[in-house]
Amino acid sequence: MALLGLPNTGKSTLYNRLTGGNAQIANWPGLTVELLRGTMPNDRPGHPTTLVDLPGIHDLSGSSEDEAIVQRFLRNTPPDLLLVVLNASQVTGQLRLVLQLRQQGLPMIVALNMSDEARRLGIAIDHHRLAADLGVPVVAISARHNQGIRDLIEAVQQGGQQPRPPIDQTLSTTETTLERLVANSVRLPVRLLNRRTRLVDRLLLHPLVGLVLFLGIVMAMFQLLYVLGAPLQDLLGSLLAWIQSALLEPGLAGIGAPPFVRGFLVDGLWLGVATVATFLPIIFLFYLILAVVEDSGYLPRAAFLMDGFMRWLGLDGRAFVLQVMGFGCNVPSILGTRVIRDRGMRLLAMLCIPFALCQARLTVFIFMAGAFFPRPWWAPGLVVFGFYGMSFLAAVITGVVFKRAFPSREAFILELPPYRSPSPATILRRAWTAMLNFLVTTRMFILVGAAVIWLLTNLPAGAVQGSGQTLADGIGNVFQPLLGPIGMNPALTVSLFFGFIAKEILLGAMAVIFKTSEANLGGVIQSAITPLQALSFMTFVLLYTPCLGTLAAQLQESKSRGFTILSLSWSLGFAWLMALVVYQGGRLLMAL
């Protein structure tokens, strides 16, 4: 069974209700871009039903990548049943898709989602009459509040056993047919008005007040991350340090493990993995806050607010929202560019997104800001917010430089959904799932990275780190003429190499290089580099080449090696130039 519908109809929420899956849920049109699969409960004869969640589309004749995916799916792998999800509060404009899909000759069920919202707005829908006119079952539901889901499951089980309905050629996609369906089945209030939404929008969409509020919301996010995340991080770090001293080291000594093996397991694998693991609470909090912002309906407002400015860069409001989504991870944001039809704008957006301050970089910045700028209490959050501003500035400069190389004239149409109160269970599940996904998807990078770094810093046998004799020292010295002018010493240079694989292992690499635990890493780094070197290092980490996953996503979506090489070269060169300005400019200021 294929799950179809327009963007922002609650399709992914319904998918989770029916399958217990963990599809991405956000109050933003076009977020779902992958084909998610899940299994529904068996029907009465015991036949399993596989549910495929297709991207949200507006019609079957569009040219965006999402619409092309749906067209190819229906053409190449026609499902046994279509489950079409409509937003009941906007049913008059969404029935056109139902009429188009019915011409495919496939069995169909229509789910009128958000029926509770429609009733609050004074919209009355006779779904029995609508079902009779369409010739397919119509079920009123509210996926968010679990209303009508049992009736929908029963309809699915029955519909799957029925023969395909005949194609009624009189049900075309003409306005006359739509008007007849609406007149027979839908009763609208004299004036459809959501007063609460209009009142809040007067502030959030104001050209000046809205921009100030947006910046305030983002800064509050980073302050909250530091205030709540730092104590949790310290608590987890203390627990891991106790495990090392009370269990791991005595255990290895008790079994008579050789010093080389103990050093590899404790100072290599354990320190690298434990350092990264201490940032799990921050990752959980980050995705929790981001889920609240997304599910509330605020992100489309931010896109509307910033559309005029983004047009100046050759982009539109969608690119801005994808940039914000990149705070979580650049990879899904790159995949999200499929909702942009114009290829030139897609490529330009993919060139800008890697500069977004993703959660992997965020862990580095929170650690460095807390270590080098701990006072007053608001200073670490302000430093992190400053790098958020630098990431946006980098995207702006990229847009200005390359907008003529990737021109676009595509119009931007945006639907502003009503504000909604995020579901606590939903956002907690999203944050927990995102944190576990981070741990699962990066575990091999972390383990292999920590092991290789330890070997580089301890081979040849008997060599001492920092003496210039280890393999790591050799690598750092080779690149010292290039990275020395921006304040990088050999130890920082080696950690940057592993940050290219995945930014998540960068701090773990530093812990292994400096042979210390996460709890002591701040003090050790403070004695090894200056605050100015720390700022230059953070600048380079923010802007230099994205991780391998992001490069792979760029190659997949652009289908161009030349474009991927351009993105890689631009980010490296721009990062070096900005770090040079920060480091050498800082030295000049201190000399005055």
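Working chat: charges, patches and buried residues

Q: Where is Pro 546 in this one?
A: Pro 546 is in the loop that connects helix H24 (531–543) with helix H25 (548–558). Keep in mind that the model is predicted.

Q: Buried or exposed, that proline, Pro 546?
A: Pro 546 is buried, because its relative accessibility is 1% and the cut-off for buried is under 20%.

Q: How far is Pro 546 from Ile 353 in space and in sequence?
A: The C-alpha to C-alpha distance between Pro 546 and Ile 353 is 9.8 Å, while 193 residues separate them in sequence.

Q: Salt bridges next. How many in the whole structure?
A: A search of the whole structure gives four salt bridges.

Q: Which residue does Glu 557 pair with?
A: Glu 557 pairs with Arg 346 through their side chains, at 2.9 Å, N to O. Arg 346 sits in helix H15 (residues 343–352) and Glu 557 in helix H25, so the bridge ties together parts 211 residues apart in sequence.

Q: And are Arg 346 and Glu 557 buried or exposed?
A: Both Arg 346 and Glu 557 are buried.

Q: What about Lys 11, which side chain does it meet?
A: The Lys 11 side chain meets that of Asp 53 in a salt bridge of 2.7 Å, N to O. Lys 11 belongs to helix H1 (residues 11–19) and Asp 53 to strand E3 (residues 49–53), so this pair links parts that are 42 residues apart in sequence. Asp 53 and Lys 11 are both buried.

Q: What does Arg 129 do?
A: Arg 129 forms a salt bridge with Asp 133, side chain to side chain, at 3.4 Å, N to O. Both residues are in helix H5 (residues 127–134), four residues apart, which is about one turn of the helix.

Q: Why would that spacing matter in a helix?
A: An α-helix has 3.6 residues a turn, so residues three or four places apart point the same way.

Q: How covered are Arg 129 and Asp 133?
A: Arg 129 is partly exposed, at a relative accessible area of 36%. Asp 133 is buried, at 19%.

Q: Different topic. How many disulfides?
A: A search of the whole structure finds zero disulfides.

Q: What about the cysteines Cys 352 and Cys 358, buried or exposed?
A: Cys 352 is buried, with a relative accessible area of 2%. Cys 358 also counts as buried, at 9%.

Q: Which residues make the positive patch on the surface?
A: The positive surface patch is formed by Arg 119, Arg 120, Arg 144 and Arg 196. Arg 196 is in helix H8 (residues 195–204), and Arg 196 is exposed, with a relative accessible area of 51%.

Q: And which residues make the nonpolar surface patch?
A: Leu 224, Val 227, Leu 228, Trp 377, Trp 378 and Leu 382 make a nonpolar surface patch of about 600 Å². Helix H9 (residues 209–254) supplies the largest share of that patch, three residues.

Q: Where is Leu 228, and how exposed?
A: Leu 228 is in helix H9. At 40% relative accessibility, Leu 228 counts as partly exposed.

Q: Last one. How many residues of helix H22 are buried?
A: Eight of the eight residues in helix H22 (residues 506–513) are buried. Among them are Leu 506, Gly 508, Met 510 and Ile 513.

Q: What happens just after H22?
A: Just after H22, Lys 515 takes a positive phi of about 55 degrees.

Conventions. Residues are numbered from 1 along each chain as its sequence is written. This is a predicted model: local features need pLDDT of at least 70, side-chain atom pairs count only at pLDDT 80 or more; totals for chains, interfaces and linings use all residues. Side-chain values use heavy atoms; hydrogens and water are left out. Patches are made of residues with over 30% relative accessible area and no salt bridge: like charges are joined within 9 Å, nonpolar side chains (Val, Leu, Ile, Met, Phe, Trp, Tyr) within 5 Å. Accessible areas come from the Shrake-Rupley method with a 1.4 Å probe; for residues, only the protein chains shown count as cover. Lys and Arg count as positive and Asp and Glu as negative; His and the chain ends are not counted. The place of a charge is taken as NZ of Lys, CZ of Arg, CG of Asp or CD of Glu. Helices (H or I, at least four residues) and strands (E, at least two) are DSSP runs, numbered from the N terminus. Buried means under 20% relative accessible area, exposed over 50%, partly exposed in between (1.4 Å probe, protein chains only). A disulfide is a pair of cysteine sulfur atoms within 2.5 Å.
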